[in-house]
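User: I have this one open in the viewer and would like to talk through how it is put together. Could we start with the helices and then move on to whatever else stands out?

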Amino acid sequence: LQMLRLFFIYFLCRTQVSSYYNRTETEASLVDDSLPIINKDQFFTDDSLDYWPKYIELSPAARGAYLSWLCSDRNHPETPIGYVFIYFYGLERRILVDGTQGKVDDSEYIFIFNELKRLRQVFNENYAFHNYASKLIDLMAYLNPNIIQLDYAEFSTKHDSILFKYHLAKQVHEGNPISPELALFWINHTDEYNLRTPAKRCSEEFKTLFKNKYLEVTNGSGMIVKANKTRLRLDYYPASSTLRGFQLDPLDLPDPSILKAPIKKLAMIADQCTDELEQYSRYLGRKDSSKEDLEALLLLPKSLLSIQNPALLDNLKNWADTQIEQNQGLISFKDLWTFTAKTLPEKVNKKELDLLDNFLKISNLYYAPHLKIHKIKPNIDSYLVISHSGVDPRNENSISSNFSKLLLFIRLAVLIAQADTVLHEKERNLVNELIDQDEKLYENEKISLQSFFLWCMNSPNNTAGLKQQIETMNDSNKSHFRKILIQIALADGKIESAEIKQLEKIYTMLDLDKSLIPSDLHQYGTQKNINKTSNIVTSLKPSFTLDYQVLAQHESETHLDINTGMA
């Protein structure tokens, strides 16, 4: 490293100039050892270090400070930027003058290139230096592409990037599609379009989203731009005041960078991507927010999810697959909540439900009971049933009328079936067959109802909310329900007092005469099957045996006549 420093000092000292004291001709980086110096540290500065500094015009103390910095590691960002520019002028002359004349070998060329990148990083906060260093880096890659190659992310960030204009002109001239990377650079740095806040705040997400959508709208090939007549002119404006007038050789290529039609197409894509990132960006704009937050993950466009946090989604998917396969999807609310990495709430409110909805939605999972779909809100100490299909809560208005009927029926059926504290297999089979054989239900509705039924069978049930649902039923539906509910009560081949009492409550809710229960039990209990009844169908042919002792006891308690069903 010390030998390299001595090399540059030697080079700068030997620079030949035509007129020593003429400001426009005297090399600004010339180190003349005949001029007096005063030893100072690299942070010293005075009025002699002006906007376009020259070594020969520095005060003796400023010269000493510059040489101190030149012989150091040159890596302190608080160094007066004027000293950095004097050094930069020398590197610039070496490339523009000596380099274009073949006087700089490959090893030195690469060293200067890396030194410029290092300096740009150290003094990144100074816009002027960052801009000039980027442009010289750009130019070096253009002049010597055999040894210096840059990807698009390293191009000069201004719209007049030499490399960008050259690569764009070549692709258009050769009739090739504009690559996603070049299209992204074009929309990022054109004067015809201003990126909105989400694209800037979420630059990496915007970049990925833009490339994907660009290929999508161009059928995976990229945009073809017709060559225009305006010829390409590449200009480099040196930072050094003593290198004015440098020109690059002209090229017989079009200059599509000035076209506005391609920008309009790219702007439409950029707007779509920005809109998709709007909520994600707004969340990240909050105080103490982070991209690692689950809330941030949930707001990402779906196409970015697997890129942003694949581990969390993979873990949830694998666990859910296992639960669905081994337990039919029956899980505890608490177990599912652990995947959110959030503290378990005291109770489930809208905030928690929204989080749960969005979290499962991005994993293509559905759950029951869902407040919008099944009209029951889950609670912390209860179960949930997850599945790979179901009714989308965003489309709740498209739910079929049969779905709503069977949803209500399931709740009533489980109330009866659980009255004797045991839910028998025949009772389960009857309800499941009613769901399976309803031809007017969509497949995803059947899965949602089966999930809900499984939850009901494993959860305490009550009549909350039933009254409002029953009020929407007509007399015909109530009559059909009456028959099927009797079938449920008799599915296990006997009737218990608790089941009769539950039937009475339900008959009352349905606005049916509960005195009809004994005759209904006698009539439907002796039938071999119940035929199709307004889309609620069963082909089961159970053999029922009525327990007349139970009915007699119930008759004595309610003063009903078993045979007539009359009071």
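User: Is α3 largely enclosed or left open by the rest of the structure, and why?

Analyst: Bearing in mind that this is a predicted model, α3 is largely enclosed by the rest of the structure, because 16 of its 18 residues are buried.

User: And what span does α3 have from first C-alpha to last?

Analyst: The helix α3 reaches 25 Å from its first C-alpha to its last, which is close to the 26 Å expected at 1.5 Å a residue.

User: OK, switching to the packing: how many residues are in the largest nonpolar core, and which have the most contacts inside it?

Analyst: The largest nonpolar core has 112 residues, and those with the most contacts inside it are Tyr66, Trp69, Phe88, Leu139, Phe206 and Phe210. Helix α3, covering residues 81-98, supplies the largest share of this core, with 10 residues.

User: What is Phe210 in contact with, leaving aside its neighbours within four places in sequence?

Analyst: With those neighbours set aside, Phe210 is in contact with Ala183, Leu184 and Ile187, and also with Leu266, Ile269, Ala270 and Cys273.

User: What lies apart from that big core?

Analyst: Another core, of 49 residues, lies apart from it, and its members include Leu406, Leu449, Ile486 and Ile500.

User: Now the strands. What is the order in the three-stranded sheet?

Analyst: The sheet is open, its three strands follow the order β1-β3-β2, and the pairing is antiparallel. The edge strands are β1 (330-332) and β2 (366-368), each of which pairs on one side only. On average, and with direction ignored, neighbouring strands of this sheet are turned by 40° against each other.

User: How many bridges join β1 to β3, and which residues stand opposite each other?

Analyst: Three bridges join β1 to β3, the strand of residues 383-387, and the two run antiparallel. Ile331 stands opposite Leu384, while Ser332 stands opposite Tyr383.

User: And how many bridges between β2 and β3?

Analyst: β2 and β3 pair over three bridges, in the antiparallel sense, and the bridge partner of Ala368 in β3 is Val385.

User: Last thing: is β3 mostly covered or mostly open, and which helix lies across the strands?

Analyst: β3 is mostly covered, with four of its five residues buried. Helix α20, residues 443-457, lies across β1, β2 and β3, and runs at about 155° to β3.

Notes:
Residues numbered from 1 in each chain as written. Predicted model: local features only at pLDDT ≥ 70, side-chain atom pairs only at ≥ 80, totals over all residues. Heavy atoms only, no water. Core = buried A, V, L, I, M, F, W, Y, C linked by side-chain atoms within 4.5 Å. Buried < 20%, exposed > 50% of the residue type's maximum accessible area, 1.4 Å probe, protein only. Contact = heavy atoms within 4.5 Å. Expected span 1.5 Å × (residues − 1). Pairing = 2+ DSSP bridges. Axes fitted to C-alpha atoms, helices over the stretch in contact; angles between N-to-C directions.
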